[in-house]
Amino acid sequence: MKTVFKNISKIKYEGPKSRNPLAFKHYNPAEVVEGKTMSEHLRFSVVYWHTFRNALSDPFGVGTAVRPWDDGSNSVANAENRARVAFEFIEKLGAPFYAFHDRDIAPEGQTLSETNKNLDAVVKVLKTEQQRTGIKLLWGTANLFSNPRFVHGASTSCNADVFAFAGAQVKKALEVTHELGGAGYVFWGGREGYSTLWNTNMKRELEHLAKFLHMAVDYKKKIGFKGQFYIEPKPKEPTKHQYDSDAAACLNFLREYDLMGHLKLNIETNHATLAGHSMQHELEVAGSAGALGSVDANTGDELIGWDTDQFPTSIYLTTQIMLTVLKYGGFTTGGLNFDAKVRRESFEPVDLFHAHVGGMDAFARGLKIAAAIRKDGRLAEFVKQRYASWDSGIGAKIESGKSNFTELEAHMLKQGEVTTNVSGRQEFLENLINEFI
Ligand code: XUL
Ligand code: CO
């Protein structure tokens with residue numbers, strides 16, 4: 001096979017003392033942490049759209065990315081070649097998974113059938129490359145937002161024909177995801193939201209979105225696709241209000257429309273930030289509802305208020321993420337999917353390696369730190385003790401559903417006042433976490 005990353009050999013684990021920028025200092029795939037290897041815990045995934053399709057443009061300038069293997073054309077041959085390059089990259093990096101939108105991997109044609117034919121041609125290459133390398137598909141998805149036909153949304157469009165097109169597109173995307181043995185399939189709202197309520201029938205649009213997802217669930221069963229469905233919350237961009245605005249809104253929507261058992265959540269760090277929440281909060285909301293599925297691992301910028309999709313480098317952040325993921329039993333079908341792009345100024349191919357190596361090391365450290373905090377046990381013990389009043393007496397009675405207001409009144413009349421509150425010890429706990437970082 002022709003190689004394009006000639007000067008880069010397979011990224012190896014060299015340990016914390018290594019000064020080689022293209023080596024892992026912390027991610028040691030075979031190292032066992034809490035009974036599983038790092039590779040099994042972290043389930044890293046490379047995204048096709050940013051890593052192989054993003055030209056690195058911004059609202060004020062054209063793309064800067066130098067990608068010598070790409071002839072810049074919209075041809076199927078270019079797409080097939082790009083697929084081989086993508087696998088050379090992922091293999092050298094040592095990530096076990098990748099993820100794509102249908103339109104990242106193959107160009108659209110003049111008609112839907114031509115588009116589907118293009119997709120089939122590239123899927124063939126992807127399948128061969130998956131077999132050659134052992135790299136697997138974490139999830140597939142359909143791009144229902146770039147083409148001008150989706151100007152008013154896809155399943156929430158005011159135009160029923162657009163809903164129909166989106167349905168046909170997702171049908172095909174599910175088929176190819178199934179064909180490639182995908183562990184999951186993601187629904188991110190794309191343009192499912194509104195720019196002004198003056199022209200919007202929100203109730204009707206939400207009902208259409210629910211109908212669309214039910215059709216997807218039915219089709220999944222029909223073709224025997226066993227992968228996990230996810231919904232990905234995001235509050236804004238491209239619309240000013242996206243219907244899947246945060247984890248709580250997604251869960252409410254899933255419950256209202258009887259979809260709870262069919263979809264889990266794919267939580268993205270910078271979407272949480274844009275929603276005015278922390279990533280830890282969003283993971284906790286999903287986890288406590290039994291719906292924590294997968295993570296789009298990235299980060300935002302403290303000073304830029306839009307979706308910058310940067311690679312995660314903060315150990316504090318990766319520690320919080322891994323503590324919460326471990327608390328809810330770890331990933332099963334999901335993983336850490338780098339929905340992240342290199343900066344416009346980082347336009348050389350080698351920057352793609354630096355970005356992913358850094359992200360993987362940051363999460364390996366987060367995992368090791370989280371495991372150490374769990375082994376130490378003081379944090380969990382503190383939280384357990386904090387709720388001890390619920391383990392016996394009146395607390396246990398309330399929790400078991402056997403109490404009522406009359407009994408509560410009798411209890412407090414006897415006692416007179418609450419005399420048992422103790423400090424929440426936030427600063428003590430923050431210091432404790434820092435002992436491990
Ligand atoms: C958009 C975003 C998407 C989804 C997949 O902000 O995160 O790339 O992850 O459609
Ligand atoms: Co994402």
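**Note on a predicted model: salt bridges, cobalt site and a surface patch**

1. Asp102 is buried, at a relative accessible area of 2%. The model is predicted, and this residue is a convenient entry point to its charged pairs. The side chain of Asp102 forms a salt bridge with that of Arg103, with an N to O distance of 3.4 Å. Arg103 has a relative accessible area of 13% and is therefore buried, since the limit is under 20%.

2. Arg103 also meets the side chain of Glu108 in a salt bridge, here at 3.7 Å from N to O. Glu108 counts as partly exposed, with 31% relative accessibility. The search of the whole structure returns 17 salt bridges.

3. Another salt bridge pairs the side chains of Lys172 and Asp120 at 2.8 Å, N to O. This pair connects distant parts of the chain: Lys172 sits in helix α6 (residues 160-179) and Asp120 in helix α5 (residues 112-133), 52 residues apart. Lys172 is buried, with a relative accessible area of 12%, whereas Asp120 is partly exposed at 37%. As for shared partners, salt bridges join Asp102, Arg103, Glu108 and Arg149 into one network.

4. The cobalt ion (ligand 2) has as its protein donors Glu232 (OE), Glu268 (OE), Asp296 (OD) and Asp339 (OD), which lie 1.9 to 2.2 Å from the ion. Along the chain, the donors of this cobalt ion are spaced as E-x35-E-x27-D-x42-D. Glu232 belongs to strand β10 (residues 228-232) and Glu268 to strand β12 (residues 263-268), so this pair ties together parts 36 residues apart in sequence. Glu232 and Glu268 are both buried.

5. On geometry, six donor atoms surround the cobalt ion (ligand 2), and the angles they subtend run from 78 to 175°. The arrangement is octahedral because of these angles. For reference, ideal angles for six octahedral donors are 90 or 180 degrees.

6. Asn298 has a polar contact with one of the cobalt donors named above, through the backbone of that residue: a polar atom of the Asn298 side chain lies 2.9 Å from the backbone oxygen of Asp339. The side chain of Asn298 also makes a polar contact of 2.8 Å with the side chain of Asp309. Asn298 is located in the loop between β13 (292-296) and α11 (315-327). With a relative accessible area of 0%, Asn298 is buried.

7. Turning to the surface, Val383, Tyr387, Trp390 and Ile398 make a nonpolar patch of about 350 Å². Ile398 is part of helix α14 (residues 393-399). The relative accessible area of Ile398 is 34%, so this residue is partly exposed, and the value is over the 30% that membership of a patch requires.

Key: Residues are numbered from 1 along each chain as its sequence is written. Chains are lettered from A and ligands numbered from 1 in the order in which they are written. This is a predicted model: local features need pLDDT of at least 70, side-chain atom pairs count only at pLDDT 80 or more; totals for chains, interfaces and linings use all residues. Side-chain values use heavy atoms; hydrogens and water are left out. Patches are made of residues with over 30% relative accessible area and no salt bridge: like charges are joined within 9 Å, nonpolar side chains (Val, Leu, Ile, Met, Phe, Trp, Tyr) within 5 Å. Accessible areas come from the Shrake-Rupley method with a 1.4 Å probe; for residues, only the protein chains shown count as cover. A salt bridge is a side-chain nitrogen of Lys or Arg within 4 Å of a carboxyl oxygen of Asp or Glu. Helices (H or I, at least four residues) and strands (E, at least two) are DSSP runs, numbered from the N terminus. Buried means under 20% relative accessible area, exposed over 50%, partly exposed in between (1.4 Å probe, protein chains only). Donors are N, O and S atoms within 2.8 Å of the metal (3.2 Å for Na, K and Ca); water is not among the atoms, so sites may look incomplete. Four donors count as tetrahedral if all angles lie between 85 and 135 degrees; four count as square planar and six as octahedral if opposite donors are over 155 degrees apart and all others between 65 and 115; anything else is irregular. A polar contact is a pair of N or O atoms within 3.5 Å; within protein, one must be able to donate a hydrogen and the other to accept it, and residues adjacent in sequence count only if both atoms are side-chain atoms.
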